[in-house]
Amino acid sequence: MAFIGGAQIDPYGNVNSTCIYGKGDYVKPQTRFTGSGGANGIATYCNTIIMMQHQKRRFMEKIDYITSCGWMDGPGGRERAGLPGNRGPQMVVTDLGIMKFDEETKRMYLAYYYPFSSPEMVQENTGFEVDVSRAELMEGPGPDIIKLIREEIDPGQAFIKVPKE
């Protein structure tokens, strides 16, 4: 299992971390990013968990460029592209919820939302229709997990800031 991220993602978990076209194209894009950095090799040969901010401009029906392959265009898409079909994205973890991929259609759906978000909020911030009918509320971590994170895993708050009371 490996973790990747990017600037854009489509309903099948294809990720763009190369460029945003805007009014341009691949050669002269509006924005150029770092590119794959090895993420394409990871997405090709490993099961992945994708981490992204949940914004409509990032969750798009069609992304500008596929840097890292997901389920391509649905069932059999990876195989048609010459990629291993038994590997691919498993979930997308965002600041609004956790998305998974339907076993049959390979399309993203909302599996879990957080106490501070809602299925409606997820759909509102997604640039394509997303199935929210299976969504379950995910409870927040208990005090023992929070203590472990703050005192042992990330005491310097490099990744998770302690909220000001």
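# A tour from the sheet to the surface

Select β1 and β6 to begin: these strands run parallel and are joined by three bridges. Strands are DSSP runs of E with at least two residues, helices are runs of H or I with at least four, and both are numbered from the N terminus. Two strands count as paired if DSSP finds at least two bridges between them. The model is predicted, so local features need pLDDT of at least 70 and side-chain atom pairs count only at pLDDT 80 or more, while totals for chains, interfaces and linings use all residues. Residues are numbered from 1 along each chain as its sequence is written, and side-chain values use heavy atoms, with hydrogens and water left out.

**The sheet**

Stay on the first pair and pick alanine 2, which stands opposite threonine 48 in β6. Next, add strand β7 (residues 89-93), which runs parallel to β6 and is joined to it by four bridges. Here isoleucine 50 has valine 92 in β7 as its bridge partner.

Now show the whole sheet. It is open, has six strands in the order β1-β6-β7-β8-β9-β10, and its pairing is mixed. Which strands are at the edges? They are β1 (2-4) and β10, each of which pairs on one side only. At the β10 end, β9 and β10 pair in the parallel sense over two bridges. Select tyrosine 112 there, and glutamate 136 in β10 is found opposite. Strands of a sheet pair through backbone hydrogen bonds, either parallel or antiparallel.

**The core**

Select Ile9, Ile50, Phe59, Val92, Met99 and Met108. In the largest nonpolar core, which has 23 residues, these six touch the most other members. Such a core is a set of buried Ala, Val, Leu, Ile, Met, Phe, Trp, Tyr and Cys residues joined through side-chain atoms within 4.5 Å. Buried means under 20% relative accessible area, exposed means over 50%, and partly exposed is in between (1.4 Å probe, protein chains only). At least two core residues come from each of α1 (39-45), β8 (97-101) and β9 (108-113). The largest share, three residues, is from β9.

Zoom in on methionine 99. Contact here means heavy atoms within 4.5 Å. Beyond its neighbours within four places in sequence, methionine 99 has contacts that include His54, Gln90, Val92, Met108, Leu110 and Val130.

**The salt bridges**

How many salt bridges are there? The count is four, where a salt bridge is a side-chain nitrogen of Lys or Arg within 4 Å of a carboxyl oxygen of Asp or Glu.

Select glutamate 61 and arginine 107. They form one of these bridges, and their closest N and O atoms are 3.7 Å apart. Glutamate 61 is in the loop between β6 (48-51) and α2 (77-80), and arginine 107 is in the loop between β8 and β9, so the pair ties together parts 46 residues apart in sequence. Glutamate 61 is partly exposed at 45% relative accessibility, and arginine 107 is partly exposed at 23%.

Move to arginine 134. Its side chain meets that of aspartate 102 in a salt bridge (2.9 Å, N to O). Arginine 134 lies in the loop between α3 (119-124) and β10 (136-137) and aspartate 102 in the loop between β8 and β9, so this pair links parts 32 residues apart in sequence. Is aspartate 102 buried or exposed? Aspartate 102 is buried, with a relative accessible area of 16%; arginine 134 is partly exposed at 35%.

Add aspartate 131, whose side chain also meets that of arginine 134 in a salt bridge (3.3 Å, N to O). Aspartate 131 is partly exposed, with a relative accessible area of 29%. Shared partners join Asp102, Asp131 and Arg134 into one network.

With arginine 134 still selected, show leucine 110: the two C-alpha atoms are 6.8 Å apart, although the residues are 24 apart along the chain. Leaving out residues up to four places away in sequence, arginine 134 touches Asp102, Tyr109, Leu110 and Ala111.

**A loop serine**

Select serine 17, in the loop between β3 (15-16) and β4 (19-20). Serine 17 is buried, with a relative accessible area of 10%. Not counting residues up to four places away in sequence, the residues that serine 17 touches include Gly5, Gly6, Phe33, Ser36 and Thr67.

**Last stop**

Finish at leucine 148, which is in helix α4 (residues 143-153) and is partly exposed, with a relative accessible area of 35%.
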